Amino acid sequence: MKVSESVFSNNHVVLVTGGGTGIGYDIAKAFDAAGARVVIAGRRLDVIEAAAARISKRVRPFILDLAKVEEMESWLRMVAEEVGPVRTLVNNAGIHQKEESLTVDVHDFDSVMQINLQGAFALSQAVATLLIEGGLSGDIQFISSMAALVGIPRVAAYTAAKSAIAGLARQLAVEWGDKGIRVNTIAPGFIRTKMSSKAFDTDPERKRKVLERTALKRLGDPAEVAALSVFLGSPEASFITGAHIPVDGGFNIGF
């Protein structure tokens, strides 16, 4: 999809959690380029302020702690007063943990589930509540992972959360479809970010295995994930809901 400034009106507010870095940053940048009014939310003010400044003067940064699920609705009402009602939510924020399944601490496991799954659900629930209250249509996106499609060692909590997100999105799509709210999931594969580049640079054998299994024989670019996100939020995707779409270069079908 070629991003055009005419895709969204200036009063179409898009909220991207974890939009200060990585894939979330590129998603925020792409929605801004498409004419939407973008809100970046995250826990570190310096990071989201710097990201907003790099994208454009229209982008607004707001502090948000997804662990404080009881504050989601009041936080969204504050955003609506300052910017406008959120019409597109991109649940991108999340935390990661690498640990063997036999030794992972149950409290650490719970922390990953709380942020990646419970926090995203609470925010989605609050967005849907305000959309329905205002008589507005909208769309909600969850950024899942190829970990929801294939087994990856040492990421039990992350895999559990991302797999649950895929099921949750289908459920919400069914429940909220007649209210004009679409819900979809994007599952990125190995995408070249600063974090992944550093990991691959220090482990060339792992990179070789990844590329060998990937049909397109390369890593993805964050902009390729962002392009799908913008499409799903646009009028062109008005009949798409409940979908779980990999952006992985064919990794999950590889052998």
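**Notebook: cavity, cores, helix 1 and some loop residues**

I looked up the largest cavity and found that about 40 Å³ of space lies in it. The model is a predicted one. I then asked how many cavities of 30 Å³ or more there are. The count comes to one.

I listed the lining of this largest cavity: L76, P85, V86, V127, L130 and L131. By class I have six nonpolar residues there, with no polar and no charged ones. Helix 4 supplies three residues, the largest share of that lining.

**Entry on V86**

I took V86 from the cavity lining and placed it in strand 4. Is V86 buried or exposed? Its relative accessibility is 8%, so I entered V86 as buried, the cut-off being under 20%. Not counting residues up to four places away in sequence, I found V86 touching V13, L15, L76, V79, V127 and L131. I also checked V86 against A215, which is 129 residues away along the chain, and their C-alpha atoms are separated by 37 Å.

**Entry on the cores**

Next I looked up the largest nonpolar core, which has 36 residues. Which of its residues touch the most other members? I noted L15, W75, L76, L123, F142 and V183. I then listed the elements that give two or more residues to this core. The strands are strand 1 (13-17), strand 2 (37-42), strand 4 (86-91), strand 5 (138-143) and strand 6 (181-188). The helices are helix 3 (72-82), helix 4 (106-133) and helix 5 (156-176). Helix 4 gives the most to this core, eleven residues.

I followed V183 further and set aside its neighbours within four places in sequence. What is V183 in contact with? The contacts I wrote down are I140, F142, A169, L172, A173, W176, T241, G242 and A243.

There is also a second, separate core, which has 30 residues. Among them I noted V38, A52, V225 and L232.

**Entry on helix 1**

I checked the length of helix 1, residues 22-33. The helix has twelve residues and reaches 17 Å from its first C-alpha to its last. I compared this with the 16 Å expected at 1.5 Å a residue, and the two values are close.

I then asked how many of the twelve residues of helix 1 are buried. Nine are, so I recorded helix 1 as largely enclosed by the rest of the structure. The buried residues are I23, G24, Y25, D26, I27, A28, A30, F31 and D32. After helix 1 comes G35, and I noted its positive phi, near 100°.

**Entry on the second largest pocket**

I looked up the second largest pocket and found about 210 Å³ of space in it. Its lining has 14 residues, and the closest to the pocket centre are H12, S137, G138, R182 and G233. Which elements give two or more residues to this lining? I found strand 4 and strand 5. By class, the lining of this pocket divides into three nonpolar, eight polar and three charged residues.

**Entry on loop residues**

I looked at K217, in the loop between helix 7 (204-213) and helix 8 (222-233). K217 is not a glycine, yet I read a positive phi of about 60° for it. Its relative accessibility is 51%, so K217 goes down as exposed, just past the cut-off of over 50%.

I then turned to the loop between strand 5 and helix 5, where I found P153 and V155. P153 has 65% relative accessibility and therefore counts as exposed. V155 has 4% and therefore counts as buried.

For P153 I checked the spacing to Q114: the two are 39 residues apart in sequence and 21 Å apart in space, C-alpha to C-alpha. For V155 I checked Q97, which is 58 residues away along the chain, and the C-alpha atoms are separated by 6.3 Å. What else is V155 in contact with, leaving aside neighbours within four places in sequence? The list I wrote down is H96, Q97, K98 and E99.

Technical notes:
Residues numbered from 1 in each chain as written. Predicted model: local features only at pLDDT ≥ 70, side-chain atom pairs only at ≥ 80, totals over all residues. Heavy atoms only, no water. Core = buried A, V, L, I, M, F, W, Y, C linked by side-chain atoms within 4.5 Å. Buried < 20%, exposed > 50% of the residue type's maximum accessible area, 1.4 Å probe, protein only. Helix = DSSP H or I, 4+ residues; strand = E, 2+ residues; numbered from the N terminus. Contact = heavy atoms within 4.5 Å. Expected span 1.5 Å × (residues − 1). 1 Å grid on protein atoms, 1.4 Å probe; cavity = no way out; pocket = protein on both sides within 12 Å on 5 of 7 lines; lining within 4 Å. Points joined across faces, edges and corners; volume = space filled by probe spheres on them. Nonpolar A, V, L, I, M, F, W, Y, C, P; charged D, E, K, R; others polar.
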